[in-house]
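Me: Please take a close look at one part of this model for me, chain A, and then carry on to what lies around it. I work at the bench, so plain words and clear cut-offs would help.

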Amino acid sequence: MSRMLPCWSAPVRDRGASRSRTNALLQMLFALFLAFPGIAAAQAIDPLPFKDHAQEVRFQNLTRQLRCLVCQNENLADSNADLARDLRREVFGLMQQGKSDDEIKQYLVARYSQFVLYDPPVQPSTWLLWFGPGLFLALGATVVVLTIRKRSRATRIDSRLVDNATIEQGDDW
Amino acid sequence: MSRSLPLFGFLLLVALFGFGIWWNTRHDPREVPSPLIDKPAPEFVLPLLDDPTQTVSKASMLGKPYLVNVFASWCIACGEEHPVLMAEGRTLGIPLVGYDYKDAPEDAKAWLARHGNPYDIVIADQPGRTAIDFGVYGAPESFLIDARGVIRYKHIGPFTPEIIERELKPLIARLKQEAP
């Protein structure tokens, strides 16, 4: 299913046929970026009228913890998607209203579910996610310990047999 | 026992990955579940596309169930969905409300004139501010809202005739029974 807001990392469809054309286009774009170094940086940053530097830092921090719903492996701070821009403005507006970071997160979770949070909260439905790795580690460790114990026991029995054999056979071998 | 342990582990992984593949063929991993299902729809007041002096609000829509379909002229998947709505829209038996999302009014009007208009009314949200309250993150998306203004169902992505038959119509039938 194709979602419609433009993702800037849109896949190139007809790869073989249009590769040379794409390359030429990329070179042109690259040249453009070189010519106007401001373009690349300016796109992701909206000129939001922050009160002071501290607020800007807080804004950057908060939007980095939030997921862009369109380009889902980008955070709100970095995404160029249209919706991300709208949501950044929304977050900024809520900050101006004096809302705390947690309140702003709650505001977005109420609309977009916990999917907007990059850090999923610890709750029954995410227990497996949070504790799964530990569980698998414990499982693996148990298997390793059991195996080592069994082997060492087997080796002890083996060596006893070998000892016996040595005694019986003397130094012949 | 210790010999069959690696095989057992391997089979466990096969089962795990198999489940993952099976799950992903049935679910769109990019789909964001809506926390708004069975919650009151957000308050909204939006102008009509054809006549911006008139507005439609949540309050004005109370009393009967209706389907809100978020679309836009720039949205390619909406073009795929459009013929389905043209064919099935009138058979739903409830008002079909077009929600023109982040779109220039002229573009939307031209688009509807070219492809046909399946909607009973079309409301326009050019800034996309109300859409955030609805948790819209793309188009098309559709919300089924009951007579009391509660969101009962959300479909993300284009409707197909199968989804309309299997999911939407049974729900509409139930909502109609509930409505006084």
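Reply:
**Chain A and its surroundings**

Let's begin with the N terminus: residues 1-18 of chain A keep a pLDDT under 50, and the model gives them 24 contacts beyond four places in sequence. Here pLDDT is the predictor's confidence in each residue, from 0 to 100, and two residues are in contact if their C-beta atoms, placed from the backbone, lie within 7 Å. Residues 38-44 of chain A also have a pLDDT below 50, with five contacts in the model beyond near neighbours in sequence. Where pLDDT is low, the predicted coordinates should not be read in detail.

A word on the ground rules. This is a predicted model, in which local features need pLDDT of at least 70 and side-chain atom pairs count only at pLDDT 80 or more, while totals for chains, interfaces and linings use all residues. Residues are numbered from 1 along each chain as its sequence is written, and chains are lettered from A and ligands numbered from 1 in the order in which they are written.

Over the whole of chain A, the mean pLDDT is 78, and 69% of the residues reach 70 or more. The chain has six helices and zero strands; helices (H or I, at least four residues) and strands (E, at least two) are DSSP runs, numbered from the N terminus. Among these elements, helix H5 (residues 101-112) of chain A has the highest mean pLDDT, 95, and helix H2 (residues 38-44) of chain A the lowest, 46.

How is chain A packed? Of its 173 residues, 16% count as buried, that is, with 20 or more other C-beta atoms within 10 Å of their own (exposed means 12 or fewer, partly exposed in between; C-beta atoms are placed from the backbone). Of the contacts in chain A with a separation of 6 or more, 49% join residues 24 or more positions apart.

Leu69(A) is a good place to cross to chain B. Not counting residues up to four places away in sequence, Leu69(A) touches Leu83(A), Tyr112(A) and Val116(A), and also Val32(B) and Tyr137(B). Leu69(A) is among the residues with the most contacts inside the largest nonpolar core, which has 57 residues; Val70(A), Val68(B) and Phe71(B) are also among them. Such a core is a set of buried Ala, Val, Leu, Ile, Met, Phe, Trp, Tyr and Cys residues joined through C-beta atoms within 7 Å. In soluble globular proteins, nonpolar side chains tend to be buried together.

Now the contact between the chains: 21 residues of chain A are in contact with 20 residues of chain B. On the chain B side, helix H3 (76-88) and helix H5 (129-133) of chain B each supply at least two residues. By class, that side has 10 nonpolar, six polar and four charged residues; Ala, Val, Leu, Ile, Met, Phe, Trp, Tyr, Cys and Pro count as nonpolar, Asp, Glu, Lys and Arg as charged, and the others, Gly among them, as polar.

Finally, a helix in chain B. The buried residues of helix H4 (residues 105-115) of chain B are Ala108(B), Trp111(B) and Leu112(B). They lie on the same side of H4(B) because they cover an arc of only 95° around the axis, taken from the directions from the helix axis to the C-beta atoms. Strand E4 (96-101) and strand E5 (121-125) of chain B are included in what covers these buried residues. The face turned away from the buried side carries the exposed residues Glu106(B), Ala110(B), Ala113(B) and Arg114(B). Following H4(B) comes Gly116(B), with a positive phi near 100°.
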